[in-house]
Amino acid sequence: MKTNLLDYDLPALTEHFAQMGEKPFRARQVMRWIHQGGAENFDEMTDLAKSLRAKLNEKAIVGIPALMTSQESRDGTRKWLLDVGTGNGVETVFIPETERGTLCISSQVGCALECTFCSTGRQGFNRNLTAAEIIGQLWWANKALGVTPKNERVISNVVMMGMGEPMANYDNVVTALSIMLDDHGYGLSRRRVTVSTSGMVPQMDRLKDDMPVAMAVSLHASNDAVRDQIVPLNKKYPLKELMAACRRYLAKAPRDFITFEYVMLDGINDKAEHARELLELVKDVPCKFNLIPFNPFPNSGYERSSGENIRIFRDILQQAGLVVTVRKTRGDDIDAACGQLAGQVKDKTRRQQKWQQIYMESR
Ligand code: SAH
Ligand code: SF4
């Protein structure tokens, strides 16, 4: 079987090339062709020796996952569905803002952690994505979006907040992160690449040594009783351990705060007493809060907190001196909002029809 070079970060590619008797600068060249030049085949790589191209054609491929659909929301949010085989698809979302462009990447087909308010979690787990399938999402989006008139990349930030738990697919995610950060890859700053985890403590400890990037933790509750209910992983790594892991991470992180994500679920975790309890919980962890109004999906059993309750909750945190943002719901007309990524092929027809309808309406 041919080797897929998209699975390799620069150190691995350099090693692979050394085994073929090729010099390290060749690996750097190929890396740039694939990730900066968007090349899919070796014949495009015109500055490689013909003999090397022939060798690569014989032994290797640039295996980009196939694109199934590409959609654009009324608000400019874009979504791509990539074919990851055996009837599965994973989703990638681009969110344009004035100061930055953020790409939200998936790490698994489904998710095994079963948070009760998450549509990915409700679907169950299919498999981990390969490093090629993770970085392939950035490859496609980067190719579609390109650079600004000032020659800056349109994608300035990456968040691992799509489908799946990135820390449960540790090795492949770290390889993909390495390619994102590499100057011969996408050259993104560590501060602008964020891993979001529901709280896998041992992997958070590993990441701070292996590939420290910005860290977001899906907190969602102010005490173990509530968190046990909505984030089942909490039974394994309860809040006290999670807070300690956050402090350890900060010792090596490129940013001096953790972002806590907090989904606002009506009547479950959104009361004033919860906000006050949170202040006590995080008092030793430098942090920012990102409140996410719950995005509904069929039969979720939950409702979004009212705007009024979200404001009260936010004000309590802010008055205590915390930086708090309330996440704007983007791209919900194409089911691209947080927690709505389903990505299964069985949904494809419905999604396409919906998009076509929106597209027709907007013309
Ligand atoms: N598995 C990782 C990253 C993917 S989820 C994690 O849990 O952190 C990205 C964020 O969306 C998480 O904070 C997640 O809890 C949140 N989320 C999941 N379902 C949601 C929903 N229905 N509405 C709003 N946010 C949701
Ligand atoms: Fe998995 Fe994150 Fe969804 Fe929980 S919120 S089920 S960890 S994807």
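**Group meeting talk: an open sheet and two ligands**

Let me begin at one end of the fold, where strand S13 (residues 287-293) and strand S14 pair in the parallel sense over four bridges; strands here are DSSP runs of type E with at least two residues, helices are runs of type H or I with at least four, both numbered from the N terminus, and two strands count as paired if DSSP finds at least two bridges between them. Within this pair, Asn290 stands opposite Thr325 in S14. Before going on, I should say that this is a predicted model, in which local features need pLDDT of at least 70 and side-chain atom pairs count only at pLDDT 80 or more, while totals for chains, interfaces and linings use all residues. Residues are numbered from 1 along each chain as its sequence is written, chains are lettered from A and ligands numbered from 1 in the order in which they are written, and side-chain values use heavy atoms, leaving out hydrogens and water.

What is the order of the ten strands in the open sheet? The order is S3-S4-S5-S6-S9-S10-S11-S12-S13-S14, and the pairing is mixed. Strand S3 (66-72) and strand S14 (323-326) are the edge strands, each pairing on one side only. As a general point, strands of a sheet pair through backbone hydrogen bonds, either parallel or antiparallel.

At the S3 edge, S3 and S4 run antiparallel and are joined by six bridges, with Ser70 opposite Trp80 in S4. Their hairpin has five residues between the strands, and Gly76 there takes a positive phi near 95°. S4 and S5 are likewise antiparallel with six bridges, and Lys79 stands opposite Val93 in S5; this hairpin also has five residues between its strands, and Gly85 in the turn has a positive phi of about 85°.

Now to the ligands. Ligand 1 is surrounded by 20 residues, the closest being Phe117, Ser196, Ser218, His220 and Asn295, where a surrounding residue has a heavy atom within 4 Å of the molecule. By class, this shell divides into nine nonpolar, nine polar and two charged residues; Ala, Val, Leu, Ile, Met, Phe, Trp, Tyr, Cys and Pro count as nonpolar, Asp, Glu, Lys and Arg as charged, and the others, Gly among them, as polar. Strand S10 (193-197) and strand S12 (258-264) each supply at least two residues of that shell.

Which distances should we look at? A polar side-chain atom of His220 lies 2.6 Å from an oxygen atom of ligand 1, one of Ser196 lies 2.7 Å from an oxygen atom of the ligand, and a polar backbone atom of Gly164 is 3.0 Å from a nitrogen atom of ligand 1. Taken alone, ligand 1 exposes 530 Å², of which the protein buries 96%, the areas coming from the Shrake-Rupley method with a 1.4 Å probe.

Gly164 returns in the shell of ligand 2, which also includes Cys111, Cys115 and Cys118; that shell has four nonpolar, three polar and two charged residues.

Terms used. Polar contact = N/O pair within 3.5 Å; in protein donor to acceptor, adjacent residues only side chain to side chain.
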